[in-house]
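Me: Please take a close look at one helix in this chain. I would like its length, its buried residues and what covers them, set against the chain as a whole.

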Amino acid sequence: HLFDRLKPPDSSLSLMCLWWKALSSNDVTSPAYDEYKLIYDLLPSFTRRITLLRKIFPRLHHANVEIRTAFLDQAIKES
């Protein structure tokens, strides 16, 4: 979105949320673990390996996204 004139005003927040979700979904101990790697596949291919270094990112940054994702996933399964 760097040079996109029509980008939404909150695109940086959306990208951060995508990264936090990717970190959570790539961790088998996370309640938001994604066995299908959907979020991982949404990342640009040249940056996907960064999520493999998830241990250097404090869980504090992506815990809210992780909890919300787990809640929404459970709500969808129950509906």
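**Helix α1 in its chain**

Reply: Start with the setting. This is a predicted model. Buried residues make up 23% of the 79 residues in the chain. The secondary structure consists of 3 helices and 0 strands. Along the sequence the pattern reads α-α-α.

Now the helix itself. Helix α1 covers residues 11-25, which is 15 residues. How far apart should its ends be? The expected rise is 1.5 Å a residue, so α1 should span 21 Å. Its end C-alpha atoms lie 21 Å apart, and therefore the span agrees with expectation.

Next, burial, meaning under 20% relative accessible area. Which residues of α1 are buried? They are Ser-11, Ala-22, Leu-23, Ser-24 and Ser-25. Ser-11 belongs to the helix that runs over residues 11-25, and Ser-25 is buried as well.

What covers these buried residues? The cover includes α2, residues 38-42. It also includes α3, residues 59-78.

Back to the whole chain. Of the contacts between residues at least 6 apart in sequence, 58% join residues at least 24 apart. The C-alpha atoms fill a box of roughly 40 × 30 × 25 Å along the principal axes. The accessible surface is about 6300 Å². Carbon and sulfur atoms account for 64% of that surface.

Last, charge. The chain carries 11 positive and 9 negative side chains. The centres of the two sets are 6 Å apart.

Terms used. Residues numbered from 1 in each chain as written. Predicted model: local features only at pLDDT ≥ 70, side-chain atom pairs only at ≥ 80, totals over all residues. Heavy atoms only, no water. Helix = DSSP H or I, 4+ residues; strand = E, 2+ residues; numbered from the N terminus. Buried < 20%, exposed > 50% of the residue type's maximum accessible area, 1.4 Å probe, protein only. Contact = heavy atoms within 4.5 Å. Areas by Shrake-Rupley, 256 points an atom, 1.4 Å probe, with all protein chains shown as cover. Lys, Arg positive; Asp, Glu negative; His and termini not counted. Charge placed at Lys NZ, Arg CZ, Asp CG, Glu CD. Expected span 1.5 Å × (residues − 1).
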